[in-house]
Amino acid sequence: MLHVKLKSFVVIIAFAAAIAACGDDPASVDVDGPGESELITSVTLSLEELDDQGNATGITVSAVWDDSDGPGGSAPTIETLQLKQGTTYQGSIELLDTTKDPVENITEEIEEEADEHQFFYIFNVDGNESDAIQVARNDTDSQGLALGLNYTLSVSNDAPEGGLRVILLHFEDAEKESNDFPAEQTGIDTDVDIEFPVQFE
Amino acid sequence: MKKKFVSFFVYIPIIISLNVQPEAVFGQTLADVEGVIRDKISGQPLPGANIRMPELNKGVSSDQDGFFTINDVGYGKYTLQVRYVGFESIDSLIVVQSDTFLEIEMNPLEQKLDEVLVKAGRDSLGESTKSLTILDKAALDKHRGQTIGDMVKSLPGVTVLSTGPSISKPVVRGLHSQRLVLMNHGLAQEGQQWGGEHAPEIDPFSPDRIEIIRGASGVEYGVGAIGGVIRVDSDNINKKEDLSGELMLNGFSNNAQGSGSIKLEGGLDKSGKLGWRSQVSYRNAADSRTPKDVMRNTGFRELSYSFNMNYEDGSFEHDLYFSHFGTELGIFRGAHIGNVSDLERAIRLGRPTVDFEFGREIDNPRQEISHDLFRYQGKYQISNVGRIEVQAGWQQNRRKEFDAHRRFSNDPEALQRPAFDLELTTWSADLKFRHDPVFNSLTGTVGISGMKQGNARQSTGSLIPNFKSYSAGVFVIENWSNGIVTAETGARFDIHWRDVFLVENREVQRRSFTYNDASLVGGITYQFAPDWSVSGNFGTAWRPPGVNEQFSDGIHHGTAQFELGNEDLDPERSINIDLTLRHVTGKAYFQLSAYNNFITNYIFLQPGDEPALTIRGSFPFFSYEQTDAVIRGVDGTFEYQLLKNLRTSATVSFLRGWNRDESIPLIFMPSDRLQLFAHLDLPNTGLFRSNYLEARGTMAREQTHFPKGVDFAPPPPGYQLLDLESGTEMEISGKKVNLSLSLNNVLNATYRDYLSRFRYFIDEPGRSLVMRAQLQF
């Protein structure tokens, strides 16, 4: 009798051990897996000089703010925007997710969802807002509110060096209501908030 | 009154029949069951023992002279349970067919430390040397439908860390997550406690008893029991009937929550050796509402089930337990932010400017969590030697978190992918030997335990790297008592190996770590007067650093902070001293504890000088560092039977945490609080019996003790809450039905708690009407 009971003991333990053996092996890591989802890893400003009549001159300048491994890891690389005083540019912005293969162009998605997105371009000198560089957004969404994928950037004659701050807001739950920065609304996600150093030739 | 005297011998449960008569008369007439409880050795009466008749859901405590009375018991066959700390529990069948007097002798010599803690119906005098509190089934039933955290937060020294209505984590004396051990039906729950928004993965309908041990308990419960232990257990299966069970239903007005549970159990053979139990429970809630706003996306859907089989034959016992916990829960939309500017704007505006619509849908951000647990327990009693116990467990925890940062993708599948998907598999085995008394009254346990754990990242998310770990431990604990003095001491040694698989430049890097250390416990309880005892306990426990504390490298979007791990962290150690004073009489119950918990190498997030720069903006930078910390406090419960039908109690929790290296307060420590409670028994009216009215007031002070300049917003002001409840009991075709109606936050107070992670964004939920129905069959 005792043996039968001991046997049932062993059988049950063996059964438990068999179940225990299930589960994925942590050692086999999928190194090519998508990893942490970083949405935007690279922002490029592309500017083309305009002449006094407002015509394109073909002279271009660009700067890239890149953090291809996302937050943490290596520090982002930030290029300086080399501009000319007393000059007006026409500009565009491109956002990429370079962690995906092929690289995901996020600019197009923002264009499709223009009603939920808005760019802000702010020139800062020593941490204070300055109008020495002014940016006018040239495109709008379906309600006629500014979007900001395309813009005109004007540098005054005596502009000091500083930083051009680029903000992309995503109106997640809140309604996009105006062209001004929505300081009195919650329910908005900041997707991008970066600053490009600005220097003059 | 005709009295019958019966003696109980308590080595194993026995059946006592008092003139067994045909069953036909049962249930017809009422009788009183009275008795006295004595220590079998000394013959002294045992005041404060807990006597229950589970079938009737009736329970009383013995008075100063060990006497008890249970009135109005219908003629029939019942289980009588007697519990007293330091004594072997009694589970016996009694037959009532007239007024009955029982003389019950409890044997102190079979005392076993672990079980003493479990089986105590209530914390009483001759008690463990630790500070502990037990919530029995009746107390838990009052909170059915709520989370485990909400069930225990009325206890002294216990608060919750919440992330909205669906996520609440118990905090014991200021410590939580990886600093507590959660014992789920005998197994240490191995869930994913990486952060404040990761709640324990346990069905809140499943426990019949929750016990909280405050203070380091590393010897008995192993690595991690720095702050304390929460034990969740079920009652023994009722094998005496072919089928019995319980149905519970509840509704909550605030979040339109409906929830319920059904439990069935029975014996499978005539001898009552084999029994089974099965339980299914479900909770479904829509958005919660504060007095002003809708907390959009705070609903949840939770389906859990369990199955238990028990076979007991003489000296053998086998017990199989399987449980599944599954939940899908939303995180408040307004708490979702892109960067610090968004958070600062939300704090400045004070409440959401979006008028959210009340709804039941669960959108991103959300979590999908499942936890499966399988456990076998075997016991073998060798007469005059002791008992061997084996336990084998397997657990699998799957956690998927879906971010609200929407992917910019045209691929619909990509949009459905979680941002974080981890599977943690644990298996464990324990072997224990509890020896019978030697040298008159020395009992004890020796044991070994082993654990293997693997964390595998599923398709996405690498917040927590893959890892494998192995642990092994060996312990001994001994207990001695002469009825007046109880002393315990024990030691344990554990070793923990960990291999972490990091991905760097598309290559797997393996890092190996080994941690080992000892845990100790020593304590003494002295019953210096018949109604009074004092206990002192010294305990030390340790834990290795968590994988998240070693390898975090990114933004925690809930808190808008950049967290960087440190793989060279040393193990954390708690050295806790606890003094407890107890007083138990028929009318009063009093427990007051003071403690001093030194924690060396306390792991915490230290704010850095430079913010972390990301494409979303700059985030405050925090890195995991270590310091020497201390948490000191006082907590206790004072209960007094003011009138024959009026019971009142007060519970206090008061603590201070210090970072000793920098002489600044520790962040996120619960504020001081006081709870006042009154229970009024009302006369029976017609069908309605055991009527009652209850009121509970909670007062939480503003936390004024916090490090300056670290948090985004100062702690919220203190608050007062009032809850009311009324309940009754009736019998419908011989089945017992309990009904209750509660009104929580009666005054619809607008408040925020310092330990709520939503306090930056929105108030806590407002008034809620709760209906509960319970049917036993």
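**Exercise 1. Place G72(A) in the predicted model.** Find where G72(A) sits in its chain, decide whether it is buried or exposed, and list what it touches.

*Solution.*
Step 1: Start with the chain. G72(A) belongs to the loop that runs between β2 (56-66) and β3 (77-78) of chain A. Keep in mind that this is a predicted model.
Step 2: Now check the accessibility. Buried means under 20% relative accessible area. G72(A) has 16% relative accessibility, so it counts as buried.
Step 3: Look for neighbours, leaving out residues up to four places away in sequence. G72(A) touches D553(B) and F562(B).
Step 4: Finish with a distance. From C-alpha to C-alpha, G72(A) and P26(A) are 23 Å apart in space, and their positions lie 46 residues apart in sequence.

**Exercise 2. Classify two ring pairs.** Work out which kind of aromatic pair F513(B) and F551(B) form, and then do the same for F562(B) and F621(B).

*Solution.*
Step 1: Know what to look for. A pair of aromatic rings is described by the distance of the centres and the angle of the planes. Over all chains, the whole structure has 20 aromatic pairs.
Step 2: Take F513(B) and F551(B). Their ring centres are 6.1 Å apart and their planes meet at 65 degrees, so this pair is edge-to-face.
Step 3: Locate the partners. F513(B) is in strand β28 (residues 507-529) of chain B and F551(B) is in helix α7 (residues 547-551) of chain B; the pair links distant parts of the chain, 38 residues apart. Both F513(B) and F551(B) are buried.
Step 4: Turn to F562(B) and F621(B). With 5.7 Å from centre to centre and 15 degrees between the planes, this pair is stacked. Because F562(B) lies in strand β31 (residues 561-564) of chain B and F621(B) in strand β36 (residues 621-643) of chain B, the pair ties together parts that are 59 residues apart in sequence.
Step 5: Compare accessibility. F562(B) has a relative accessible area of 4% and is buried, while F621(B), with 22%, is partly exposed.

**Exercise 3. Look beyond single pairs.** Which residues form one aromatic cluster, and over which ring does R366(B) lie?

*Solution.*
Step 1: The cluster is made up of Y526(B), F528(B), W532(B), F590(B) and F638(B).
Step 2: R366(B) lies over the face of F402(B), 3.8 Å from the ring centre.
Step 3: There is another example to find: R656(B) lies over the face of F654(B), at 5.0 Å from the ring centre.

**Exercise 4. Describe the cavities.** Say how many cavities of 30 Å³ or more the structure holds, and describe the lining of the largest and the second largest.

*Solution.*
Step 1: Begin with the idea. Rolling a probe the size of a water molecule over the atoms shows where empty space is left. Here, 14 cavities of 30 Å³ or more are found.
Step 2: The largest cavity holds about 170 Å³ of space. Its lining has 21 residues, and those nearest the centre are S166(B), A199(B), P200(B), E302(B) and F325(B).
Step 3: Sort that lining. In the largest cavity, nine residues are nonpolar, seven polar and five charged. The largest share, three residues, comes from β21(B).
Step 4: The second largest cavity holds about 100 Å³. Of its 15 lining residues, N184(B), D203(B), S206(B), Y321(B) and S323(B) are closest to the centre.
Step 5: Sort again. The lining of the second largest cavity has four nonpolar, nine polar and two charged residues. β21(B) gives the largest share here, four residues.

How values were computed
Residues are numbered from 1 along each chain as its sequence is written. Chains are lettered from A and ligands numbered from 1 in the order in which they are written. This is a predicted model: local features need pLDDT of at least 70, side-chain atom pairs count only at pLDDT 80 or more; totals for chains, interfaces and linings use all residues. Side-chain values use heavy atoms; hydrogens and water are left out. Rings of Phe, Tyr and Trp (its six-membered ring) pair if their centres lie within 6.5 Å; planes under 30 degrees apart count as stacked, over 60 as edge-to-face and the rest as tilted. Helices (H or I, at least four residues) and strands (E, at least two) are DSSP runs, numbered from the N terminus. Buried means under 20% relative accessible area, exposed over 50%, partly exposed in between (1.4 Å probe, protein chains only). A charge sits over a ring if NZ of Lys or CZ of Arg is within 6 Å of the ring centre and within 35 degrees of the ring normal. On a 1 Å grid over the protein atoms alone, a cavity is a set of points where a 1.4 Å probe fits but cannot get out, and a pocket is an open set with protein on both sides within 12 Å along at least five of seven lines; lining residues have an atom within 4 Å of a point. Grid points are joined across faces, edges and corners, and a volume is the space filled by probe spheres set on the points. Ala, Val, Leu, Ile, Met, Phe, Trp, Tyr, Cys and Pro count as nonpolar, Asp, Glu, Lys and Arg as charged, and the others, Gly among them, as polar. Contact means heavy atoms within 4.5 Å.
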